[in-house]
Amino acid sequence: MKKYLIIAFLLMALVTSCVSTRNTIRNIDDTAIMPPLSKEKTFIVTEISSDKKYGYDQDYPVNLGFLPITIAEMNVKRFFGALSGPEGQQITYTKVDSCCPFPSKKNDMGAGILDIYEVTWEGLATPKRIYINLYEKGKVIAPHGFGIRQIVP
């Protein structure tokens, strides 16, 4: 029993030591509302960001925290389903990493992490890395350099 308590204590110490004491995410908006859904169950995105940091920088992730974290992955599919390459190309995306712990009241652990996705499309030389935050809300738009997929509302 002592051994399990020591292991639990060490794991908690490791987790809490990795979490920054302040939130560096700059584009959280708790008043943001979830974008409407298309008939295809993707977000209806109507704007492309002029900010070259949006989505590409860990301090300016795409904030998709509109659902409880247990089912929030659904919003990743909804988000990427609304995007295209700049000339309408179909995109593919893959989660490649998680990083950047930050304090969050939206999780029982008191912290959130960002997921990193690599996105590519035909003709793109180097995949783009997009930071996704499933804990906090923000305005959902297409990152600079992407297009918006033509979908039926």
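Two strands are taken to pair if DSSP finds at least two bridges between them. The exercises below concern a predicted model, and each task is followed by a solution that goes step by step.

**Exercise 1. The outline of the chain**

Task: Establish how many helices and strands the protein chain contains, and in what pattern they follow one another along the sequence.

Solution: The inventory comes to two helices and six strands. Reading along the sequence then gives the pattern α-β-α-β-β-β-β-β for the protein chain. To this outline one can add the burial, since 39% of the 153 residues count as buried, and the accessible surface, which comes to about 9300 Å², with 58% of it belonging to carbon and sulfur atoms. As a last step, consider the contacts between residues at least 6 apart in sequence: 69% of these join residues that are at least 24 apart.

**Exercise 2. The four-stranded sheet**

Task: Determine the strand order of the open sheet of four strands, and work out which strands stand at its edges and why one side of each is left without a neighbour.

Solution: The order is β1-β5-β4-β3, and the pairing within this open sheet is mixed. The strands β1 (62–63) and β3 (91–103) each have a single partner strand and therefore stand at the edges, with one side left without a neighbour in the sheet. The mixed character can be followed pair by pair. Between β1 and β5 (residues 128–133) the pairing is parallel and rests on two bridges, and here Val-62 stands opposite Ile-132 of β5. Between β4 (residues 111–121) and β5, by contrast, the strands run antiparallel and are joined by six bridges; in this pairing Tyr-117 has Ile-130 in β5 as its bridge partner. The hairpin formed by β4 and β5 has six residues between the strands, and Gly-123 in that hairpin takes a positive phi near 95°.

**Exercise 3. Positive phi outside glycine**

Task: Locate Lys-41 and Cys-100, and give the phi value of Lys-41 and that of Cys-100.

Solution: Begin with Lys-41, which is not a glycine and nevertheless has a positive phi of about 65°. Lys-41 belongs to the loop between α1 (2–18) and β1, and with a relative accessible area of 57% Lys-41 is exposed, the cut-off for that class being over 50%. Turn next to Cys-100, another residue other than glycine, whose phi is positive and near 60°; Cys-100 lies in strand β3.

**Exercise 4. Two buried residues of a loop**

Task: For Phe-43 and Ser-38, decide whether each is buried or exposed, and describe what Phe-43 touches and what the side chain of Ser-38 reaches.

Solution: Phe-43 lies in the loop between α1 and β1, and Ser-38 has its place in the loop between α1 and β1 as well. Phe-43 has a relative accessibility of 0% and so counts as buried, while Ser-38, with a relative accessible area of 3%, is buried too. Leaving aside residues up to four places away in sequence, Phe-43 touches a set of residues including Met-34, Leu-64, Asn-75, Phe-79, Val-140 and Ile-151. A separation of 9.7 Å lies between the C-alpha atoms of Phe-43 and Val-76, which are 33 residues apart along the chain. For Ser-38, the side chain reaches the backbone nitrogen of Glu-40 at 3.1 Å.

**Exercise 5. Helix α2 and its aromatic residues**

Task: Identify the buried residues of helix α2, state which strands they pack against, and characterise the aromatic pair of Phe-80 and Tyr-93.

Solution: In helix α2 (residues 73–81) the buried residues are Asn-75, Val-76, Arg-78, Phe-79, Phe-80 and Gly-81. These buried residues pack against β1, β2 (83–84), β3, β4 and β5. For the aromatic part, a search of the whole structure finds six aromatic pairs. Phe-80 and Tyr-93 form one of them, with 4.4 Å from centre to centre and 25° between the planes; planes under 30 degrees apart count as stacked, and the pair is classed accordingly. Because Phe-80 lies in helix α2 and Tyr-93 in strand β3, the pair ties together parts that are 13 residues apart in sequence. The partners can also be compared by accessibility: Phe-80, at 2%, counts as buried, whereas Tyr-93, with a relative accessible area of 31%, is partly exposed. Finally, Phe-79, Phe-80, Tyr-93 and Tyr-117 form one aromatic cluster.

Terms used
Residues are numbered from 1 along each chain as its sequence is written. This is a predicted model: local features need pLDDT of at least 70, side-chain atom pairs count only at pLDDT 80 or more; totals for chains, interfaces and linings use all residues. Side-chain values use heavy atoms; hydrogens and water are left out. Buried means under 20% relative accessible area, exposed over 50%, partly exposed in between (1.4 Å probe, protein chains only). Contact means heavy atoms within 4.5 Å. Accessible areas come from the Shrake-Rupley method with a 1.4 Å probe; for residues, only the protein chains shown count as cover. Rings of Phe, Tyr and Trp (its six-membered ring) pair if their centres lie within 6.5 Å; planes under 30 degrees apart count as stacked, over 60 as edge-to-face and the rest as tilted. A polar contact is a pair of N or O atoms within 3.5 Å; within protein, one must be able to donate a hydrogen and the other to accept it, and residues adjacent in sequence count only if both atoms are side-chain atoms.
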